[in-house]
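Here are my notes for you, one point at a time. Keep the 3D view open and look for each residue as you read.

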Amino acid sequence: LPHAVLLLGPEQAGQAELACWLAGLLLCERGGCAACGDCVSCRLFLAGTHPDCHWVGIEADASAIRVEQIRDLAASLETRSFRGHRKVVVIDPADSMNISSFNALLKTLEEPSENTYLLLTASRRDRLPATIRSRCSCQRLPLPTPAQAVAWLQLQQPRDGWARLLELAQGAPFLALNYASGGLEKLDAEMQE
């Protein structure tokens with residue numbers, strides 16, 4: 001796996017979920033095709049307390065990822081791994097950073113510390129500077145077919161109406177899940193009447 005991966009796809013197509021899965025896989029001490037869920041690193045990761053896993057996102061009082069967050073991240077990545085294994089960073093959504101944040105991240109992307117992996121998620125490629133994109137392995141995440149998405153949604157939460165919610169979500173299954181939990185299906189039915 002390259003040291004920096006950009007997971008790019010439509011909004012709520014699963015970039016954050018895939019980044020989370022990859023982070024767990026990278027931190028797992030047993031190695032394999034999936035995180036074991038049982039080793040010390042997996043238990044720490046599942047509890048949200050793994051010292052070598054860093055999550056960067058938009059803070060509650062902000063509208064973008066701030067430069068201070070990226071500078072703090074860069075400082076923490078200069079130290080050795082607490083568990084003596086790998087360090088993993090998830091930046092979600094990376095396309096919400098401002099120019100100062102991108103510039104602060106650039107040095108980390110150019111000179112990553114040993115055994116450090118950066119997982120960036122984005123839905124807007126045009127909001128990422130070319131200098132950032134060129135230093136990441138870009139993985140495009142296509143939306144599943146409507147039939148695949150409805151089948152997956154039925155496994156998550158059996159109910160009628162997934163096809164319409166998926167249509168409202170423009171094919172993004174995780175957005176359809178959010179719509180269902182927010183009661184959009186009922187609102188849509190009222191609007192249709």
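1. Start with how α3 and α4 cross: the crossing is left-handed. In this predicted model, α3 covers residues 67-77 and α4 covers residues 99-110. Their axes sit 8 Å apart, and the helices pack at an angle of about 15°. Angles under 35 degrees count as roughly parallel, so that is the label for α3 and α4.

2. Which residues of α3 and α4 make the contact? On the α3 side, look for V67, I70, R71, A74 and L77. On the α4 side, pick out S100, S101, A104, L105 and T108. Sorted by class, this contact has six nonpolar residues, three polar ones and one charged one.

3. Now go to M97, which is in the loop between β3 (87-91) and α4. Is M97 buried or exposed? Its relative accessible area is 7%, and buried means under 20%, so M97 is buried. Setting aside neighbours within four places in sequence, M97 is in contact with I65, I70, I91, F102 and L105. You have already met two of these names: I70 of α3 and L105 of α4 are part of the helix contact. For a sense of distance, try M97 and L187: they are 90 residues apart in sequence, and their C-alpha atoms are 33 Å apart in space.

4. Stay in the loop between β3 and α4, because P93 is found there too. The peptide bond that joins D92 and P93 is cis, with omega at about -10°. Why point that out? Most peptide bonds are trans.

5. Next come two residues with a backbone angle to check. N115, in the loop between α4 and β4 (116-122), has a phi near 55°, a positive value in a residue other than glycine. Q170, in the loop between α7 and α8, isn't a glycine either, and its phi is positive at about 55°. These deserve a look because most residues other than glycine have a negative phi. As for their surroundings, N115 is partly exposed, with a relative accessible area of 38%, while Q170 counts as exposed at 69%.

6. The loop between α7 (162-168) and α8 (173-181) also holds G171. How does G171 count, buried or exposed? With a relative accessible area of 17%, and with under 20% as the cut-off, G171 is buried. Not counting residues up to four places away in sequence, G171 touches L143, P144 and L166. Pick H50 as a far-off partner: G171 and H50 are 121 residues apart along the chain, and 33 Å separates their C-alpha atoms.

7. Finally, zoom out to the whole protein. How many helices and strands does the protein have? The count is nine helices and five strands, and reading along the sequence gives β-α-α-β-α-β-α-β-α-β-α-α-α-α. The C-alpha trace spans about 60 × 40 × 30 Å along its principal axes. There are 193 residues, and 39% of them count as buried. The accessible surface comes to about 10700 Å², with 52% of that belonging to carbon and sulfur atoms. Take the contacts between residues at least 6 apart in sequence: 65% of them join residues at least 24 apart.

Notes: Residues are numbered from 1 along each chain as its sequence is written. This is a predicted model: local features need pLDDT of at least 70, side-chain atom pairs count only at pLDDT 80 or more; totals for chains, interfaces and linings use all residues. Side-chain values use heavy atoms; hydrogens and water are left out. Axes are lines fitted to C-alpha atoms, for helices over the stretch in contact, and angles run from 0 to 180 degrees between N-to-C directions. Helices (H or I, at least four residues) and strands (E, at least two) are DSSP runs, numbered from the N terminus. Angles under 35 degrees count as roughly parallel, over 145 as roughly antiparallel, 65 to 115 as roughly perpendicular and the rest as oblique. A crossing is left-handed if the near helix is turned anticlockwise from the far one by less than a right angle, and right-handed if clockwise. Contact means heavy atoms within 4.5 Å. Ala, Val, Leu, Ile, Met, Phe, Trp, Tyr, Cys and Pro count as nonpolar, Asp, Glu, Lys and Arg as charged, and the others, Gly among them, as polar. Buried means under 20% relative accessible area, exposed over 50%, partly exposed in between (1.4 Å probe, protein chains only). Accessible areas come from the Shrake-Rupley method with a 1.4 Å probe; for residues, only the protein chains shown count as cover.
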